[in-house]
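User: I am new to reading protein models, and I would like to be taken through a few features slowly. Could you give me the general idea each time and then show me the case at hand?

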Amino acid sequence: MILFEKHILSNGLRVIIHEDRSTPIAAMNILYDVGARDEDPDKTGFAHLFEHLMFGGSVNIPNYDEPLQNAGGENNAFTNNDITNYYLTLPAQNLETGFWLESDRMLSLAFSKKSLDVQRNVVIEEFRQRYLNQPYGDVWLKLKPLAYKVHPYLWNTIGKEISHIENATMDDVKAFFAKHYKPNNAILSVAGNVKTDEVLKLAEKWFGPIPGGEKKERKLPAEPPQTEERKLETSADVPYDAIYKAWHICGRKDADYYTFDVISDLLSRGRSSRLYEGLVKNKKLFSEINAYLSGDDDPGLLVIAGKVSEGVDIKKAESGIAEEVNKLRSSVVNEKELQKIKNNMEASLVFSEMSVEGKALNLAFFELMGDAEDVNREAEKYQAVSIETVKDLAEKNLADTNCSTLYYHTKKT
């Protein structure tokens, strides 16, 4: 169990503090409630661009990394469909350095032409290297628009296309920052060898004076139910044929999410899982195969992705997936098999909370989901998953009419 205290500053910033005397360090996590889904369809990739821009220097601190490193700290960030998250660790006695750095870039990024040009080029190069010039790199650029038709999950975090970042103006960037990067759209969590009252004083000192602004209201288009199977074939210079199948499921806040997570692990967690045992080890249809959830706030996807074994017909390989999925839909799961998955889930949860970085992130994430206290309820929610709910949700959601399939062929020479 993670014990914590939560406070809300007058400007709307939520502050969550967990004291941990077992470590000499402190972790600071700032989660902004903005992701790729909040972008203009004609100006995508901005949330990810800001992940980079926020390290480009603020008005008062031209180099973010140098003072943090001088204080013995390190940092990183990530962006996805729903959030942009910045985190750092440093010796607990130097925690105020983190408050100084994070508050200054929340208050006033530098917005210099040089910083924008540098980070724009970094993102464009990342787009080319990771998504266009890497084997299978463009899978999500193709699969998402196949699975989604109206919801902004139809584009990837990197953006729809390079031109959106190439054409980003300074006014575009400033408007995006003003709308999303403010105290009442953020959650600050601190974990480690700290005292709650001292952290609150630092929060008031460094973040309290920053204006909160109006809280935005999301009005995203709901994705209509998929009623027929969708398929797309593509080819590229890749070593093996591959199959990617995506079924629509509920969002991260839904109670059924835990059952879907168990379903994905029943299919592919470990060498005794159904897909590995049946399709890799026994039938040798795939060299590797995985099932996972997209984990999105709004209704997301359950994905099965596999590299087809050399010499195996891609349609035959797909039939193997269909057979395993239909077994899950039509027959009762063994209680021993289900309990093994639940136990593994619980072990993963414990592992994710061993570091102060993990605790700080989890507290901020669950606060965004609705209540930071839910971080302590995850294990019981997984343990509550039943044989009946696994079968019911598999039967209902893992139907062909709810599935989008990308066939990724290797170019024949």
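Analyst: What follows is a walk through cores, cavities, cysteines and some loop residues. Please keep in mind that this is a predicted model.

User: Let us begin with the interior. Which residues have the most contacts inside the largest nonpolar core?

Analyst: The general idea is that in soluble globular proteins, nonpolar side chains tend to be buried together. Here the largest nonpolar core has 52 residues, and those with the most contacts inside it are Tyr32, Phe50, Leu95, Phe99, Tyr181, Leu188 and Phe207. To take one of them, Phe207 is in contact, once neighbours within four places in sequence are left aside, with residues including Leu9, Asn11, Leu13, Met28, Ile30, Phe99, Met106, Leu188 and Leu202, and Glu102 and Ser103 are also among its contacts. Apart from the largest core lies another core, of 42 residues, among them Val325, Met345, Ala394 and Leu398.

User: How many cavities of 30 Å³ or more are there, and which residues line the largest cavity?

Analyst: In general, rolling a probe the size of a water molecule over the atoms shows where empty space is left. In this model the count comes to two cavities of 30 Å³ or more. The largest cavity holds about 50 Å³ of space, and its lining is made up of Leu53, Gly57, Leu109, Ala110, Phe111, Ser112, Ser115, Leu116 and Val173. Sorted by class, that lining has six nonpolar and three polar residues, with no charged residues.

User: What is the volume of the second largest cavity, and how do its lining residues divide by class?

Analyst: The second largest cavity has a volume of about 40 Å³, and it is lined by Met54, Gly57, Ser58, Ile61, Tyr64, Leu101 and Arg105. Its lining divides into four nonpolar residues, two polar and one charged. Gly57 appears in the linings of both cavities.

User: Next, the cysteines. How many disulfides does a search of the whole structure find?

Analyst: A disulfide is a covalent bond between the sulfur atoms of two cysteines. Searching the whole structure finds zero disulfides. Cys250 is in no disulfide, and the nearest cysteine sulfur, that of Cys403, is 17 Å away, whereas a pair would have to lie within 2.5 Å to count. Cys403 is likewise in no disulfide, with the sulfur of Cys250 as its nearest. Cys250 is buried because its relative accessible area of 13% is under the 20% cut-off, and Cys403, at 1% relative accessibility, counts as buried as well.

User: I have read that the sign of phi can be worth checking. Which residues have a positive phi although they are not glycine?

Analyst: Most residues other than glycine have a negative phi, and most peptide bonds are trans. Tyr136 has a positive phi of about 65°, and Lys284 has one of about 55°. Tyr136 lies in the loop between α4 (113–132) and α5 (139–147), while Lys284 lies in the loop between α10 (274–282) and β9 (286–293).

User: Is Lys284 buried or exposed, and which residues does it touch?

Analyst: Lys284 is exposed, with a relative accessible area of 53%, whereas Tyr136 is buried, with a value of 13%. Not counting residues up to four places away in sequence, Lys284 touches Leu279, Ser309 and Val312. Lys284 and Ala317 are 33 residues apart in sequence and 9.1 Å apart in space, C-alpha to C-alpha.

User: Where does Asn11 lie, and where does Asp374 lie?

Analyst: Asn11 lies in the loop between β1 (5–8) and β2 (14–19), and at 8% relative accessibility Asn11 counts as buried. With residues up to four places away left out, Asn11 touches Pro183, Asn184, Phe207, Gly208, Ile210, Pro211 and Gly212. The C-alpha atoms of Asn11 and Glu204 are separated by 9.9 Å, although the two are 193 residues apart along the chain. Asp374 lies in the loop between α13 (356–369) and α14 (378–383), where Asp374 is buried, with a relative accessible area of 16%. Leaving aside neighbours within four places in sequence, Asp374 is in contact with Phe366 and Lys381.

Definitions and conventions:
Residues numbered from 1 in each chain as written. Predicted model: local features only at pLDDT ≥ 70, side-chain atom pairs only at ≥ 80, totals over all residues. Heavy atoms only, no water. 1 Å grid on protein atoms, 1.4 Å probe; cavity = no way out; pocket = protein on both sides within 12 Å on 5 of 7 lines; lining within 4 Å. Points joined across faces, edges and corners; volume = space filled by probe spheres on them. Nonpolar A, V, L, I, M, F, W, Y, C, P; charged D, E, K, R; others polar. Buried < 20%, exposed > 50% of the residue type's maximum accessible area, 1.4 Å probe, protein only. Core = buried A, V, L, I, M, F, W, Y, C linked by side-chain atoms within 4.5 Å. Contact = heavy atoms within 4.5 Å. Helix = DSSP H or I, 4+ residues; strand = E, 2+ residues; numbered from the N terminus.
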